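Okay everyone, grab a seat. I'll walk you through one structure today, so have a look at it first.

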Amino acid sequence: MERFLCIHGHFYQPPRENPWLESVEIQDSAHPYHDWNERIIAECYAPNTASRNLDGEGRIMGIVSNYARISFNFGPTLLSWMEKHAPDTYRAIQAADRQSMIWRSGHGAALAQVYNHIIMPLATLRDKQTQVRWGIRDFEHRFQRFPEGMWLAETAVDVETLEVLAKAGIRFTILAPHQAGRVRRTGTGRWKDISGSRIDPSQAYLCRLPSGRSITIFFYDGPISQAVAFENLLNSGEQFADRLMSGFSDHSTHSQLVHIATDGETYGHHHRFGEMALGHALDHIEVNNLARLTNYGEYLELHPATHEVQIIENSSWSCMHGIERWRSDCGCNSGGNTGWNQQWRRPLREALDWLNGQLAACYEDVASGYLKDPWEVRNDYIDVLLDRSVENVAAFLLKHSRRPLDDEATVAVLSLLEMQRHAMLMFTSCGWFFDELSGLETVQIIQYAGRAIQLANEFCSQGIEANFLERMALAKSNISEQKDGAEIYEQHVRPVMIDLLRVGAHYAVSFVFEEYGEETDIFSYRTIKEDSLTLHAGQMGLAVGKIFIRSSITRKADRTTFCTLYFGGHALNCGVRSFIGEEAYLIMKEELVTAFKEGDFAAVIRLIDTHFGMHNYSLKDLFRDEQRHILNLIIAGTLQEFEDKFITLYENSKSLMGFLRETGMPVPHRFMTTAETALNLTLQKMFTSETVDADRLKEDVDEIKSWNVVVDSVALEFIIRRRVEGAMTALREDPDSSPLMGEVLHLVESLAALPVDVNLWQTQNIYWDMVQSHAADILSDTDRAIERNSWSEEVGHLGQLLFFNIPAVLAAAKGEI
């Protein structure tokens, strides 16, 4: 009987956006990348769009997308981030789904996912419905088709969730084998107990629901999936292929489907080069005709379910206790923290459940005065999340409102809907998954709760926050300094809360460092400069102005005035307040300008206190990314002085250091520290300069080896990689440029001498694309090709340096002509 193989990757990152800025702020733990999304893009999501097919010597024969050959789902919130910040990878994923439809009888590889990864059995029916509606609509927007299947967060399931999926038109979902309870052949009355992962995973199963609807369920192969995730199976592509093939039975009398499901991050992030093992395994299986690669939609069309199944309710793939990991101290944790407990999970869940109930009642009560059907409007709000343009928001409100809404009513409705969005974001599963209440993921969901409360305070009964914090105080941290959930709220949520005045403060503080135009976007806010004046006296500076600020999310707006007195360096004094009238603004402006021109800076400070109150703002009040940017500007000159001095000290001392070593005397530690800093700086500067001096590079590398200097490999590799990628991109855009070709060859040739391995993945992709685009020129026997013979030789030489199998690459290129 025919053998089918399907590998499913669940690609997901929790939403990391600051709830007030709608942007992921810099995360130093992801260095050298801006944040963890960006890092995992580089390590996993992007590499799987261009997996390498290697020959026996490890040279690249071809580059293909893994996504088109497997089954996959991406979290909608992750794709939303990727669309803006990693558009090439985003488009490649969409293209892979289109390609898979060509290969798999019209069935795409992509599946939808419940919107923000909440544990569905623990959600209210309304929240289940919205999660599915938003997941489907987001999928339709991105993949231009209706999803056949939907991934459930942590595969957590109950019958009500399956009812919601089936009612929405979802044909199938994927569960773990231990989530199956009983099976029977369709048309027979006898049920067989197959609990304990005893279900045959090689076929599809139909689950009939109380409503009369039904949905197909695929139960993945548990042992092979576990081996991929936790048993180093990805160390070898052939080993991976062999393990997959071991899932087939030689004694089966029906067509078999071997299919596995793991976190997609397994292929590249959790296991380095895992995407290459995946690609090689797929190549090996296809080339040797060991099985037919498929996806779930295609297999279901070819082999509809012949057996029925009953699920084990309130179960999941990552908690042996069902779904307790997301509501109790069940014993499941990430390990490594002896003595800790997760007793905080239950009071956190209960506090958020209580808050969700309060917010739902408030929403229904207030929104009913504006909207025809508040809950249907919430279900449709995904259309606004996908397009926040003024025109689309206006059409949305016109469609759903009882009457035309003025500006104040528009702000109210959008604020209420945002309150509901954050009420769902606060249930993102990662908040309970790990070990500690004050962990990054848990603080993130508490911040979502804080944003929902802030929005509720404008429309709902008072006291929600106080009552919420009483409940949060019952959730105890394992870290004494963090105390409990209420203290974590005070430490990590309240300080980052933002209102329009805080946006004005950010603008005012950064105004003395940045040149703002008439209109400026500050994350999710639009500012309009209505008036400003800047004065300088030596290193001192004064900025006075008036701006109009509007939230791009809720449309809430305010006009603010500000004054910033800059002392130089990082010292400044800033006051901000809401606009109280043109006359008051002009008086304030005149007084401050007069005092500054007279050099009476103490008077300026007193006037700031008089006009703006005693609360002053500083660089500490800047949003994190802008704060980092400005601090880098401030320290740039000092850093340059330090760097120059280190290099000079080393150059002046290295002869003496060499003499000391020759005499057998240990070289003093301070000398060695200076050498290490100087040589690392020299290498980094070389690859950020216009040209790389090959002779000087060799000298520096020899000195690094001679002194056994520790190289800052992370920083150096990142700098070199970006330099090479930039040069290669320029060459692709102008492949006839001899200077550009020479520069790329020179850069790539210099890599062999470096004491660091440079990631050439993106450079290789650009080279591959260039070769495919100019295949005719490379392969043609015409006079034009003879004229370009030297160019073709250089292309071939560059390919060799980039570890390509040139004959195979040219053969692939020939096939594209």
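**A helix, a core and some odd spots**

This is a predicted model, and I'll start with helix H25, residues 713–733. It has 21 residues, so at 1.5 Å a residue it should span 30 Å, and its end C-alpha atoms are indeed 30 Å apart. Some of H25 is buried, including Leu716, Phe718, Ile720 and Val724, but also charged residues such as Glu717 and Arg721.

Now, the core. In soluble globular proteins, nonpolar side chains tend to sit buried together. Here the largest nonpolar core has 223 residues, and Met82, Phe240 and Phe468 have the most contacts inside it. Apart from that one lies another core of 17 residues, with Cys563 and Leu592 among them. Back to Phe240: its contacts include Ile7, Val228, Tyr267 and Ala281.

Next, glutamate 436, in the loop between helices H15 and H16. What is the nearest side chain of opposite charge? That's arginine 345, but it is 10 Å away, and glutamate 436 is buried with no salt bridge. What glutamate 436 does have is a polar contact of 2.4 Å, side chain to side chain, with serine 477. Trp340 and Trp344 are among the residues it touches.

Last, some backbone oddities. Histidine 31 and proline 32 are joined by a cis peptide bond, with omega about 10°; proline 32 lies in the loop between strand S1 and helix H1. Glutamine 144 isn't a glycine, yet its phi is positive, near 55°. Threonine 155 also has a positive phi, about 50°. Are these two buried or exposed? Glutamine 144 counts as exposed because its relative accessibility is 65%, whereas threonine 155 is buried, at 0%.

Note on methods:
Residues numbered from 1 in each chain as written. Predicted model: local features only at pLDDT ≥ 70, side-chain atom pairs only at ≥ 80, totals over all residues. Heavy atoms only, no water. Helix = DSSP H or I, 4+ residues; strand = E, 2+ residues; numbered from the N terminus. Expected span 1.5 Å × (residues − 1). Buried < 20%, exposed > 50% of the residue type's maximum accessible area, 1.4 Å probe, protein only. Salt bridge = Lys/Arg side-chain N within 4 Å of Asp/Glu carboxyl O. Polar contact = N/O pair within 3.5 Å; in protein donor to acceptor, adjacent residues only side chain to side chain. Contact = heavy atoms within 4.5 Å. Core = buried A, V, L, I, M, F, W, Y, C linked by side-chain atoms within 4.5 Å. Lists of a residue's contacts leave out its neighbours within four places in sequence.
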